Amino acid sequence: MSNQKVNFKTERELQEAILREKARGTPDIEIGQKYGVTFGYIERLITRSKGLNISALKVSKKIKRLHPESFKEEQTTVWSFKQRGNWATHSGEYRGNWSPYIPRNVIFKYSKAGELVLDYFCGAGTTAVECKLLGRKCIALDINDKAIELAKKNVDFTIESQRSIFANEESQLKVYEPELKVGDARDLSFLKDNSIDLICAHPPYANIIHYTDSKEGDLSFFDIDDFLKEMSKVARESFRVLRPGRQCAILIGDTRRRKHVIPLGFKLISIYLNAGFKLRELVIKRQHNCKTTGFWYANSIKYNFLLLAHEYLPIFEKPKTHLPLSVRERGVDYGWVVPTLEKPPLKRKLDGLETTTVWIFPGKDFEERLNKNVIDRYSNGGGYSTITFVSHSKNEMDFTGRNTQKGKELLFIKSPFLSSNPSHSNVEKYLKETKEIVNQELPNISKGGFLVIQTQDVRIDGYVEPLAKRLVDMLTFDNLWLKEIVVVTQEWANSSALNSTEYLKIVHQYLLVYEVRK
Ligand SMILES: C[S@@+](CC[C@H](N)C(=O)[O-])C[C@H]1O[C@@H](n2cnc3c(N)ncnc32)[C@H](O)[C@@H]1O
């Protein structure tokens, strides 16, 4: 506590005054100004005194409508909900709860009416409320008894007659009351093997937000490495209880340390893959509370960092059986992948630079604007070169174009061949080749300069090959520091017009930005 503006004899008096303001519904910003306390101070005080991390003490549970006014199922890999959703008892009161549009989409896509959904990080019960509304059975656990109390209030509403809102489901749905209980996601021993139809959960992101006042077993108190170790217990239990052929969706975000990104999302994907899961989809969830103008714009350019504006929603699948490798390796072979050297065209002067980790450009200017942003931000006005992976039908490798000029500020590696549905062998070759290029070119990039790799996920035989993740796992050079993971996508004005298919359309790419350490 610092800079206190209203004087109190003791800190306790100050805290009581803040709690009274919260109960009256005064916004945090006003409380901060009046009492000279930070947002973090108010958050810790509430969590300590109420036993759970909530933003408001007074939330009306009066239901205006049971379902969103219009709901369109997501069809692509970029999910973006400008309004978080306030139908039924949903509200933003529980800090870090997820938008109900996420479980709604997951439940609808990967389960049928009457099936059993598990959420082992229940929080305020968003998934449980959605299960009740959509005619699914639900078991939801949370380590915090106070969160379970809140979730019980949130699922306590009446549904007179439950008609399915989805055309392909039976119109009359049964209402199942969710089973909510205190429990630990690492120990699901009360559940039988292969007994759950869908897992849909949202863990803490290591120790970014604390959900309890340091309750034993609360994973929001574990630092990254320990958090991942504990999550591997959760992943193993998830694999055990899920029925073969069914899905497990987990929302997770990255974090930052010393102005560099820690790829917590990719690390957690590894944990679930190691438990035996396959990656069916890798969805990008946009965050909309990011500031992109004024102060933020100036500082983003000055200190060269981007505001985190996306999270990952990997959708894992427990395979039905393990297929032999020869069956898995299908797809067209486009011949050898050949890196060629070229300068990307920069025809027009374009508007300002992007300031968050999600870059969205119109289709017609897409590559031009992407190149402009990369080069302006990361070449420091100095020399740069680009290596592009293209596919050739010729069975040969060509390295003659490699520019070994020393002292360049930026090396930009692009790989447009990935959009043409490459085979397993070409993907492996691309990864190996990229590592060799980075190895050889690294001494030619100035210290403090950048390596930027434009890449994308590809789908091979029904599963996603997460190439950005695989590159991040692979590029572990001592003098390379992962600075940003940027998601790039085109403006999809009409994505809801896409037909519903078995798989989501992959519409995003990544820029992996590495800084060459001084
Ligand atoms: C990101 S929140 C979930 C929010 C939830 N999706 C919602 O919409 O309200 C993570 C939750 O995990 C809970 N948690 C932390 N460690 C846990 C553990 N070991 N087992 C079960 N729940 C845990 C926290 O108490 C917190 O409520």
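Y101 is found in helix α4 of this predicted model. With a relative accessibility of 16%, Y101 falls under the 20% limit and therefore counts as buried. Leaving aside neighbours within four places in sequence, the residues in contact with Y101 are P68, F71, F81, Q83, R84, G85 and W87. One of these partners, G85, is 16 residues from Y101 in sequence, and the C-alpha atoms of the two are 6.8 Å apart in space.

A second residue worth a visit is I54, found in the loop between helix α3 and strand β1 (residues 78-79). I54 has 8% relative accessibility and so counts as buried. Its contacts, not counting residues up to four places away in sequence, are I46, E93, Y94, R95 and L150. The chain also brings I54 and A124 to a C-alpha separation of 9.6 Å, although their positions lie 70 residues apart along the chain.

Helix α3 itself, which covers residues 39-50, offers a simple check of geometry. Its twelve residues, at 1.5 Å a residue, should span 16 Å, and this agrees with the end C-alpha atoms, which are 16 Å apart. Buried residues in α3 are Y41, I42, E43, L45, I46 and T47. I46 is thus buried in the helix and is also one of the residues that I54 touches. The buried residues of α3 pack against two other helices, α1 (11-24) and α2 (28-35). After α3 comes G51, with a positive phi near 80°.

Helix α5 (residues 126-133) is mostly covered, as eight of its eight residues are buried. These are T126, T127, A128, V129, E130, C131, K132 and L133, so the buried set includes the charged residues E130 and K132. What lies over them? The cover for the buried residues of α5 includes the helices α4 (101-110) and α6 (145-154), together with the strands β2 (116-119), β3 (137-142), β4 (179-182) and β5 (196-201). Helix α4, part of this cover, is the helix in which Y101 is found. Just after α5, G135 takes a positive phi of about 70°.

Further along the chain, helix α8 (residues 264-274) packs with helix α13 (residues 467-474), their axes lying 10 Å apart at an angle of about 100°. Since angles of 65 to 115 degrees count as roughly perpendicular, α8 and α13 are therefore roughly perpendicular to each other. On the α8 side the contact is made by F266, I269, S270 and L273, and on the α13 side by A468, K469, V472 and D473. By character, the residues of this contact divide into five nonpolar, one polar and two charged.

These details can be placed within the protein chain, which holds 13 helices and 20 strands. Of its 518 residues, 56% count as buried. Among contacts between residues at least 6 apart in sequence, 79% join residues at least 24 apart. The accessible surface of the protein chain comes to about 23700 Å², and carbon and sulfur atoms account for 49% of that area.

Methods: Residues are numbered from 1 along each chain as its sequence is written. This is a predicted model: local features need pLDDT of at least 70, side-chain atom pairs count only at pLDDT 80 or more; totals for chains, interfaces and linings use all residues. Side-chain values use heavy atoms; hydrogens and water are left out. Axes are lines fitted to C-alpha atoms, for helices over the stretch in contact, and angles run from 0 to 180 degrees between N-to-C directions. Helices (H or I, at least four residues) and strands (E, at least two) are DSSP runs, numbered from the N terminus. Angles under 35 degrees count as roughly parallel, over 145 as roughly antiparallel, 65 to 115 as roughly perpendicular and the rest as oblique. Contact means heavy atoms within 4.5 Å. The expected span of a helix is 1.5 Å times one less than its number of residues. Buried means under 20% relative accessible area, exposed over 50%, partly exposed in between (1.4 Å probe, protein chains only). Accessible areas come from the Shrake-Rupley method with a 1.4 Å probe; for residues, only the protein chains shown count as cover.
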